[in-house]
Amino acid sequence: VRLVESGGGLVQPGGSLRLSCAASGFTFSDVGMSWYRQAPGKERELVATIFSEGRIKYYLDSVKERFTLSRDNDKKVLYLHMNDLKPEDTAMYYCNALIGARSARYGWGQGTQVTVSQ
């Protein structure tokens, strides 16, 4: 299994980014997928989850109306479109397949850093 996150960077408050997660080594179209994030000194938290067929399962309250989760099952890629970014969104972002209600199925990739700052 390989999960490769990309698309992070440094952005000013109010800016936008699109994160991508390229998945391989498992049947991507069969599983729910999630984005998680971990800020320095904090526990990793679940940001958003999408069912295998593309229906949204969950958004963290603080990102609702700002983040949009999508997937391309043909390309085996998970996306996270992030708008109106805030300093509190600063974190390392990770993707993973979902097992159970909220847990990650596989080991973690390297993540992609999102920093929101003036």
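1. How many bridges join strand β2 to β11, and do the two run parallel or antiparallel? Three bridges join them, and the strands run parallel; β2 covers residues 9–11. One place to see this pairing is G9, which stands opposite V114 in β11. Please keep in mind while looking around that this is a predicted model.

2. Strand β11 is a good place to stay for a moment. Besides β2, β11 also pairs with β9, in the antiparallel sense and over three bridges. Here A91 has V114 as its bridge partner in β11. V114 therefore turns up in both pairings: G9 stands opposite V114, and A91 is bridged to V114 as well. As general background, strands of a sheet pair through backbone hydrogen bonds, either parallel or antiparallel.

3. The side chains along β11 alternate. T112, V114 and V116 point to one face and are buried, whereas Q113 and T115 point to the other face and are not buried.

4. Next, the open sheet. Four strands form it, in the order β1-β3-β8-β7, and their pairing is antiparallel. The edges are held by β1 (2–6) and β7, each with a single partner strand, so one side of each is left without a neighbour in the sheet. On average, neighbouring strands of this sheet are turned by 15 degrees against each other, direction ignored. Within the sheet, β3 and β8 pair in the antiparallel sense over six bridges. C21 is a handy marker here, standing opposite L78 in β8.

5. Which cysteines form a disulfide? They are C21 and C95, with their sulfur atoms 1.9 Å apart. C21 lies in strand β3 and C95 in strand β9, so the pair ties together parts that are 74 residues apart in sequence. A search of the whole structure finds one disulfide. The link of C21 and C95 is right-handed, with 60 degrees about the S-S bond, and both cysteines are buried. In general terms, a disulfide is a covalent bond between the sulfur atoms of two cysteines.

6. Now for the nonpolar core. The largest one has 30 residues, and M33, W35, L78, L80, M82 and Y93 are those with the most contacts inside it. At least two residues of this core come from each of β3 (17–24), β4 (33–38), β5 (45–50), β7 (67–72), β8 (77–82), β9 (91–99) and β11 (112–116). L78 is worth finding again: L78 is among the residues with the most contacts in the core, and C21 stands opposite L78.

7. Is S34 buried or exposed? S34 has 0% relative accessibility, and because the cut-off for buried is under 20%, S34 counts as buried. This serine is placed in strand β4. The side chains of S34 and T49 are joined by a polar contact of 2.7 Å. Leaving aside neighbours within four places in sequence, S34 is in contact with L46, A48, T49, L78, Y94, C95, N96 and L98. That list includes C95, one of the two cysteines of the disulfide.

8. R105 makes a useful contrast to look at. R105 sits in the loop between β10 (103–104) and β11, and counts as partly exposed at 38% relative accessibility. The side chain of R105 reaches the backbone oxygen of L98 at 3.2 Å. Apart from neighbours within four places in sequence, R105 is in contact with V31, N96, A97, L98 and I99. N96 and L98 are also among the contacts of S34. As for R71, the C-alpha atoms of R105 and R71 are 17 Å apart in space, with their positions 34 residues apart in sequence.

9. Finally, two loop residues deserve a look at their backbone. As a general rule, most residues other than glycine have a negative phi. K76, although not a glycine, has a positive phi of about 60 degrees. K76 is found in the loop between β7 and β8 and is partly exposed, with a relative accessible area of 38%. D84 is not a glycine either and has a positive phi of about 50 degrees. D84 lies in the loop between β8 and β9, and is partly exposed with a relative accessible area of 37%.

Key. Residues numbered from 1 in each chain as written. Predicted model: local features only at pLDDT ≥ 70, side-chain atom pairs only at ≥ 80, totals over all residues. Heavy atoms only, no water. Core = buried A, V, L, I, M, F, W, Y, C linked by side-chain atoms within 4.5 Å. Buried < 20%, exposed > 50% of the residue type's maximum accessible area, 1.4 Å probe, protein only. Polar contact = N/O pair within 3.5 Å; in protein donor to acceptor, adjacent residues only side chain to side chain. Contact = heavy atoms within 4.5 Å. Disulfide = S-S within 2.5 Å. Pairing = 2+ DSSP bridges. Axes fitted to C-alpha atoms, helices over the stretch in contact; angles between N-to-C directions.
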